[in-house]
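Biologist: Could you take me through the features of a protein model one by one, giving the general idea first and then the case at hand?

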Amino acid sequence: DNELNGYTLMNELSVIGQGSGYAATYSPEVLEFVGKPTVGSVTKYLNASQNSGFHLVGNPYSAAIDVDEFFSDNSSISSIAIWDDGGASGGSQQSGTFIQVNSMGSITATSNLNENTFNGNIGTGQGFFVETAGDISVTFQEDQRVYGENGDGHFFRYSGPKSIKLSLGNGEVEKQTLIALDDEASSGYDIQKDAVLRKSGLPVEMYSIAGGDLLAIQTIAPD
């Protein structure tokens, strides 16, 4: 059986698809990928009935991509979630968790109070989940690319619309939720303005509630 909780298992003979995302555990510090760099646009069809509307895709380019440009080119994608291992691959005891991002801002949960912030770019080869409400095609375009933005040290920094970020922690673990203001926000769920909570596995969760949905990012009208 090559299916496991919505994932398809791969081996050394598998071909890495353009725009596809992959999750892996490994012990070597250096991984080798062989092939030609991707040029031109890349489009992937996503079926909303699979994986509860969350799909793992990946930046196909040899440069980082700007998340705002990605959302601009993909108006049917509500939010993205990027896995951060919290240093676990380096042998620490930190817990991994998701950075959740939409057009209104970003939040993360941190272990040992990691102070890095999202920089608004998705690194080369970085896999990430996209949240969709219907069957769509996700498109990567060359004009989404940015240069010199692949450093790990500023992986989380982001500036965006007016918002307040709330944090809850115990000195070792911290979880965040974001409330943003936008005149066009409705009282319901808004694509690219709200983001459904992706639970982190940490002992702390923080979220807002709208219409029965647990939201990591919620946008409300100022009035």
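**Strands, cores and salt bridges**

Modeller: Strand β7 and strand β8 (residues 105-108) are paired in the antiparallel sense over four bridges, and I should say at once that this is a predicted model. Within this pair, N102 stands opposite G105 in β8, and a hairpin joins β7 to β8 through two residues.

Biologist: What other strand pairs with β7, and over how many bridges?

Modeller: β6 pairs with β7, again in the antiparallel sense, over five bridges. If you want one position to look at in this pairing, take I82, whose bridge partner in β7 is I99.

Biologist: Is β7 mostly covered or mostly open, counted by its buried residues?

Modeller: The idea is to compare each residue's relative accessible area with a cut-off, and a residue is called buried when the value is under 20%. In β7, six of its six residues are buried, so that the strand is described as mostly covered.

Biologist: How should I read a nonpolar core, and which residues touch the most other members of the largest one?

Modeller: In soluble globular proteins, nonpolar side chains tend to be buried together. Here the largest nonpolar core has 20 residues, and those that touch the most other members are F70, I77, I80, F128, V130 and F140. Two or more residues come to this core from each of β3, α1 (67-73), β6 (77-84), β7 (97-102), β11 (127-132) and β12 (136-140). There is also a second, separate core, made of six residues, and A195, L197, A216 and I217 are among them.

Biologist: Which residues is F140 in contact with, leaving aside its neighbours within four places in sequence?

Modeller: With those neighbours set aside, the contacts of F140 include F70 and F128, two residues that are also listed with F140 among the core members touching the most others. The contacts of F140 further include G19, G40, S41 and V42, as well as V57, G58, N59, P60, Y61 and I65.

Biologist: What is the strand order in the open sheet of three strands?

Modeller: For an open sheet one reads the order across the strands and then asks which strands lie at the edge. The order here is β10-β5-β13, with antiparallel pairing, and the edge strands are β10 (121-122) and β13 (145-146), each of which pairs on one side only. Strand β5 (residues 64-66) is joined to β13 by two bridges, and A64 stands opposite V146 in β13.

Biologist: Where does G120 lie, and is G120 buried or exposed?

Modeller: G120 is found in the loop between β9 (110-111) and β10, and G120 counts as buried because its relative accessibility is 8%. Although G120 and I65 are 55 residues apart along the chain, their C-alpha atoms are separated by 8.7 Å.

Biologist: How many salt bridges does the structure hold?

Modeller: A salt bridge is read from the separation of a side-chain nitrogen and a carboxyl oxygen, which must be within 4 Å. The structure holds three salt bridges. In one of them R145 is joined to E142, the closest N and O atoms being 3.8 Å apart; R145 counts as partly exposed at 26% relative accessibility, and E142 is partly exposed as well, with a relative accessible area of 32%.

Biologist: Which parts of the chain does the salt bridge of E205 and K175 link?

Modeller: The side chains of E205 and K175 meet at 2.5 Å, N to O. This pair links distant parts of the chain, with E205 in the loop between β16 (195-196) and β17 (208-210) and K175 in strand β15 (residues 173-181), 30 residues apart. E205 counts as partly exposed at 26% relative accessibility, whereas K175 counts as buried at 2%.

Biologist: What separates K193 and D182 in sequence?

Modeller: The side chains of K193 and D182 meet in a salt bridge at 3.2 Å, N to O. K193 and D182 both lie in the loop between β15 and β16, so the pair ties together parts that are eleven residues apart in sequence. K193 counts as buried at 15% relative accessibility, and D182 is buried with a relative accessible area of 18%.

Biologist: Which residues make the nonpolar surface patch?

Modeller: M10, I16, Y22 and F33 make a nonpolar surface patch of about 440 Å². Of these, M10 has its place in the loop between β2 (7-8) and β3 (42-46), and M10 counts as partly exposed because its relative accessibility is 41%.

Terms used
Residues numbered from 1 in each chain as written. Predicted model: local features only at pLDDT ≥ 70, side-chain atom pairs only at ≥ 80, totals over all residues. Heavy atoms only, no water. Pairing = 2+ DSSP bridges. Buried < 20%, exposed > 50% of the residue type's maximum accessible area, 1.4 Å probe, protein only. Patch = residues over 30% accessible without salt bridge, like charges linked within 9 Å, V, L, I, M, F, W, Y side chains within 5 Å. Areas by Shrake-Rupley, 256 points an atom, 1.4 Å probe, with all protein chains shown as cover. Core = buried A, V, L, I, M, F, W, Y, C linked by side-chain atoms within 4.5 Å. Contact = heavy atoms within 4.5 Å.
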